[in-house]
Amino acid sequence: VAEDGGFDLASYPAIRAYLQRIADEQEQLRVTRDYTQSVIHSMNEMLLVVSLEGRITSVNAAACEILGYEEAEIVGRRLRDLLVTPDGRDALLANMSSRPTRNVELTLQTKHGEQIPVLFSGSPLAAGRQRAEGAVCVALDIRERKRTEAAGRRRVIGGGGRGGPER
């Protein structure tokens, strides 16, 4: 019994142990959350989480850097507004929350109007429930690959396909 006549719950060993276990579990959840956020923000690929309505709810640092947006500017935007590629865009976005989409070549537009070719993949997101809540999307910037392919085509066309002059 406490000095004021009430009960001092902290004096009960079982309650103290229970409260300590809750505190330990909360700390472990914090560590896990921080680790997961660190992994996501360390990715070189763009990561975008999209709601069922097609709005961006979360992005990683690579998405912000490559697309030229601050996180607060891009969260809430419609993913379709970033897509330049019109062919099948609506069908792709409509189906992303129900079935995986893998390595579709699309073009994204940056804040400043630059068009970036990407390999785009998306998977349904079901966070703690059975039904989909949106989609997790990864976009790989393939500008360098496109430049390399174009340079290779120029060499083949310019060099007769033999890689150099004959002897």
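Arginine 30 comes out as partly exposed, at 35% relative accessibility. That value is a computed one, since the model here is predicted. The side chain of arginine 30 pairs up with that of aspartate 34 in a salt bridge, with 2.8 Å from N to O. Aspartate 34 is partly exposed as well, its relative accessible area being 34%. Both residues belong to helix α1, which spans residues 13–42, and because they sit four residues apart there, about one helical turn separates them.

A second pairing turns up in helix α5 (residues 143–158), where glutamate 144 and arginine 147 are three residues apart, about one turn of the helix. Their side chains meet in a salt bridge, and here the N to O figure is 3.2 Å. Glutamate 144 has 49% relative accessibility and so counts as partly exposed, the cut-off for exposed being over 50%. Arginine 147 lands in the partly exposed class too, with a relative accessible area of 48%. Back to the salt bridges of arginine 30 and aspartate 34: bridges that share partners tie Glu27, Arg30, Arg33 and Asp34 together into one network.

Then there is the pair formed by arginine 143 and aspartate 141, whose side chains make a salt bridge at 2.5 Å, N to O. Arginine 143 has a relative accessible area of 21%, so it is partly exposed, given that buried means under 20%. For aspartate 141 the relative accessible area is 25%, which again means partly exposed. Taken over the whole structure, the search picks up eleven salt bridges, among them the arginine 30 to aspartate 34 bridge, the glutamate 144 to arginine 147 bridge and the arginine 143 to aspartate 141 bridge.

Away from the charged pairs, serine 51 is worth a look. This residue is found in strand β1, which covers residues 46–51. With a relative accessible area of 14%, serine 51 falls under the 20% cut-off and is therefore buried. Once neighbours within four places in sequence are set aside, the residues in contact with serine 51 are Thr57, Glu133 and Gly134. So the picture for serine 51 is that of a buried residue at 14% relative accessible area, placed in strand β1 and touching Thr57, Glu133 and Gly134.

How values were computed:
Residues are numbered from 1 along each chain as its sequence is written. This is a predicted model: local features need pLDDT of at least 70, side-chain atom pairs count only at pLDDT 80 or more; totals for chains, interfaces and linings use all residues. Side-chain values use heavy atoms; hydrogens and water are left out. Helices (H or I, at least four residues) and strands (E, at least two) are DSSP runs, numbered from the N terminus. Buried means under 20% relative accessible area, exposed over 50%, partly exposed in between (1.4 Å probe, protein chains only). Contact means heavy atoms within 4.5 Å. A salt bridge is a side-chain nitrogen of Lys or Arg within 4 Å of a carboxyl oxygen of Asp or Glu.
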